[in-house]
2 protein chains.
Amino acid sequence: MTLAYPLTDPRTARPTSALADAFERHGVRMIYARNEEIYAQDDEVELLYRVVKGVVRTSRLTVDGRRQVGDFYYAGDIFGLEPGPDHRFAAEALDDCEILVVRRSAVRAFAGDAALDRAILEAQRLEMERLQEHVVMLGRKSARERVASFLMSIAQRQSDEHADLAMGRQDMADYLGLTIETVSRMLTQLQGDAIVEFPSSRRFQVRKWTALEALAA
Amino acid sequence: MTLAYPLTDPRTARPTSALADAFERHGVRMIYARNEEIYAQDDEVELLYRVVKGVVRTSRLTVDGRRQVGDFYYAGDIFGLEPGPDHRFAAEALDDCEILVVRRSAVRAFAGDAALDRAILEAQRLEMERLQEHVVMLGRKSARERVASFLMSIAQRQSDEHADLAMGRQDMADYLGLTIETVSRMLTQLQGDAIVEFPSSRRFQVRKWTALEALAA
DNA sequence: CGTTCGGTTGAAGATAGTCAAGAAGCGTGG
DNA sequence: CCACGCTTCTTGACTATCTTCAACCGAACG
């Protein structure tokens with residue numbers, strides 16, 4: 001990890017809330033290399049993070065080595081906001097990342113309790129929505145449907161015709177509660193049905209939106 | 001649903017937080033019959049609920065009829081606290097229930113923004129922890145492990161030697177992301193291994209705590 | 001005493017996982 | 001620029017797990 005420079009950058013600034021404002025003023029800009037750990041499982045929760053550039057993955061390891069990926073965070077997303085005194089999920093940089101970090105107490109002093117609490121509340125909302133969707137997906141969707149949902153959410157995020165996958169197959173698998181082989185098979189299957197097309201393993205294009213939507217439902 | 005009487009009952013009162021306090025003062029006591037709906041999926045979020053007596057189940061139905069149970073709420077638990085403007089999960093009374101209900105805006109006026117936000121924050125914490133656990137369970141545990149985890153959490157909650165299941169097999173299955181048959185089979189299997197014992201289908205006793213814990217891990 | 005409902009059990013089938021091999025991309029160094 | 005090794009992804013064959021469909025059992029209730 002490299003400490004870069006504390007900064008308020010107008011390009012990445014989004015001073016829409018007390019929280020965003022606090023990030024601008026008190027944030028420290030950090031650089032993380034690919035696969036570097038941002039915080040560990042069971043670390044104390046004391047900082048808030050916002051992705052400026054790159055993609056972050058949260059994940060949890062069970063004692064016997066099974067891994068569950070919590071979510072992926074892209075530029076603008078806030079993460080590290082977890083209930084309880086320590087992190088149940090670790091956070092790692094998927095690729096080279098630029099992250100704004102603020103100390104929670106610093107934010108509180110700056111923003112005032114009420115404003116901060118409301119801002120954090122809002123961030124937690126998003127987090128909970130993600131979790132709720134995740135639960136339904138893992139509990140009630142088939143492998144094919146999970147993969148379709150995943151591609152759907154990625155494709156929606158990117159306005160471009162082509163969508164890029166920031167993560168490898170293993171990360172997808174651990175997010176979807178599947179094995180890497182099953183993910184791979186489902187992808188080739190969706191491609192065989194001409195629903196999506198992969199010019200390369202990390203890049204795809206949706207061919208039949210309605211079909212993909214139906215699966216993702 | 002039957003409206004009972006607005007009340008502050010010292011037995012069920014837990015005036016430890018602004019939220020609890022608000023429930024005491026502004027709560028309306030409602031009675032729901034077994035399987036009665038408390039709020040529907042896609043209803044607007046505007047009320048907060050606290051279980052006084054009975055058990056509540058939240059669940060979500062997909063378009064094609066699959067059901068995912070979100071969680072079960074027992075006496076003292078707060079529910080209905082969801083992100084977004086409307087409920088993604090419905091809430092229903094598992095058995096005959098007594099519920100304290102407060103209007104969010106009323107609570108806010110009473111408690112003051114800051115105190116309320118912090119109290120809601122705390123309740124949301126618990127909710128997020130449940131969701132995180134649920135994700136890991138659905139994503140990375142086998143049927144046997146899921147059932148074991150479930151029994152474990154029920155048994156821990158009840159101080160008694162015997163633990164009672166408030167819900168039927170179907171509800172367990174929909175919570176665990178399994179079918180009713182698989183749940184049943186895992187239960188008989190755990191019983192066969194003398195890890196738990198079911199004198200009746202709704203009542204059990206843990207025989208080998210260490211074995212159950214190992215599975216639940 | 002029959003009916004209903006919730007739970008269990010069995011047999012067969014589908015879905016996803018495991019193990020193993022092969023192909024394709026990618027960076028490094030000759 | 002090509003060759004090599006490494007990693008990631010794909011594919012195949014087989015197995016395990018879970019689901020499906022169906023029958024059965026037993027307690028609760030009229």
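A crossing of two helices is right-handed if the near helix is turned clockwise from the far one by less than a right angle, and left-handed if it is turned anticlockwise. The exercises below apply this and related terms to a predicted model.

**Exercise 1. Describe the overall make-up of chain A and its relation to chain B.**

Solution.
Step 1. Chain A contains seven helices and 12 strands.
Step 2. Of its 217 residues, 53% count as buried.
Step 3. Take the contacts in chain A between residues at least 6 apart in sequence: 71% of these join residues at least 24 apart.
Step 4. For the relation between the chains, a turn of 180 degrees with a shift of 0.0 Å along the axis lays chain A on chain B, with an RMSD of 0.0 Å. This is the relation of a two-fold axis.
Step 5. Of the interface residues of chain A, 100% are also interface residues in chain B, so the copies meet through the same surface.

**Exercise 2. Determine which residues of helix α5 are buried in chain A and in chain B.**

Solution.
Step 1. The cut-off for buried is under 20% relative accessible area.
Step 2. In chain A, helix α5 spans residues 169-176, and six of its eight residues are buried. They are Asp171(A), Met172(A), Ala173(A), Asp174(A), Tyr175(A) and Leu176(A).
Step 3. In chain B, seven of the eight residues of α5 are buried, so this helix is largely enclosed by the rest of the structure. The buried set of α5(B) is Arg169(B), Asp171(B), Met172(B), Ala173(B), Asp174(B), Tyr175(B) and Leu176(B).

**Exercise 3. Characterise the packing of α4(A) against α5(A).**

Solution.
Step 1. Two packed helices are described by the angle between their axes and the distance between the axes.
Step 2. Helix α4(A), residues 143-157, meets α5(A) at an angle of about 115 degrees, and the axes are 11 Å apart. That makes the two helices roughly perpendicular.
Step 3. By the definition at the start, the crossing of α4(A) and α5(A) is right-handed.
Step 4. From α4(A), the contact uses Arg146(A), Val147(A) and Phe150(A); from α5(A), it uses Met172(A), Tyr175(A) and Leu176(A).
Step 5. Sorted by class, the residues of this contact are five nonpolar, no polar and one charged.

**Exercise 4. Characterise the packing of α5(A) against α6(A).**

Solution.
Step 1. The axes of α5(A) and α6(A) come within 8 Å and cross at roughly 100 degrees. This pair is therefore roughly perpendicular.
Step 2. On the α5(A) side, the contact residues are Arg169(A), Gln170(A), Met172(A), Ala173(A) and Leu176(A), and on the α6(A) side they are Ile180(A), Val183(A) and Leu187(A).
Step 3. The classes are six nonpolar, one polar and one charged.
Step 4. Comparing the lists, Met172(A) and Leu176(A) of α5(A) occur in the contact with α4(A) and also in the contact with α6(A).

**Exercise 5. Describe the backbone and surroundings of the residue that follows α5(A).**

Solution.
Step 1. Just after α5(A) comes Gly177(A), with a positive phi of about 70 degrees. Its place is in the loop between α5 and α6 of chain A.
Step 2. Gly177(A) has a relative accessible area of 15% and is buried.
Step 3. Leaving aside neighbours within four places in sequence, Gly177(A) contacts Gln68(A), Leu138(A) and Arg146(A), as well as Gly139(B) and Arg140(B) of the other chain.
Step 4. Within chain A, Gly139(A) is 38 residues from Gly177(A) along the chain, and their C-alpha atoms are separated by 9.7 Å.
Step 5. In chain B, α5(B) is followed by Gly177(B), whose phi is also positive, near 70 degrees.

**Exercise 6. Locate two residues other than glycine that have a positive phi, Ala194(A) and Asn35(B).**

Solution.
Step 1. Ala194(A) has a positive phi of about 60 degrees. The residue lies in the loop between α6 and β11 of chain A, and at 36% relative accessibility Ala194(A) counts as partly exposed.
Step 2. Asn35(B) has a phi near 70 degrees. Its place is the loop between β2 and β3 of chain B, and at 47% relative accessibility Asn35(B) is partly exposed.

**Exercise 7. Describe the setting of Glu197(A).**

Solution.
Step 1. Glu197(A) lies in strand β11 of chain A.
Step 2. With a relative accessible area of 34%, Glu197(A) is partly exposed.
Step 3. Not counting residues up to four places away in sequence, Glu197(A) touches Gln191(A), Arg203(A), Phe204(A), Gln205(A) and Arg207(A).
Step 4. Arg207(A) is 10 residues from Glu197(A) in sequence and 6.8 Å away, C-alpha to C-alpha.

Notes: Residues numbered from 1 in each chain as written. Chains lettered and ligands numbered in written order. Predicted model: local features only at pLDDT ≥ 70, side-chain atom pairs only at ≥ 80, totals over all residues. Heavy atoms only, no water. Buried < 20%, exposed > 50% of the residue type's maximum accessible area, 1.4 Å probe, protein only. Helix = DSSP H or I, 4+ residues; strand = E, 2+ residues; numbered from the N terminus. Least-squares fit on C-alpha atoms with pLDDT ≥ 70 in both. Contact = heavy atoms within 4.5 Å. Axes fitted to C-alpha atoms, helices over the stretch in contact; angles between N-to-C directions. Parallel < 35°, antiparallel > 145°, perpendicular 65-115°, else oblique. Nonpolar A, V, L, I, M, F, W, Y, C, P; charged D, E, K, R; others polar.
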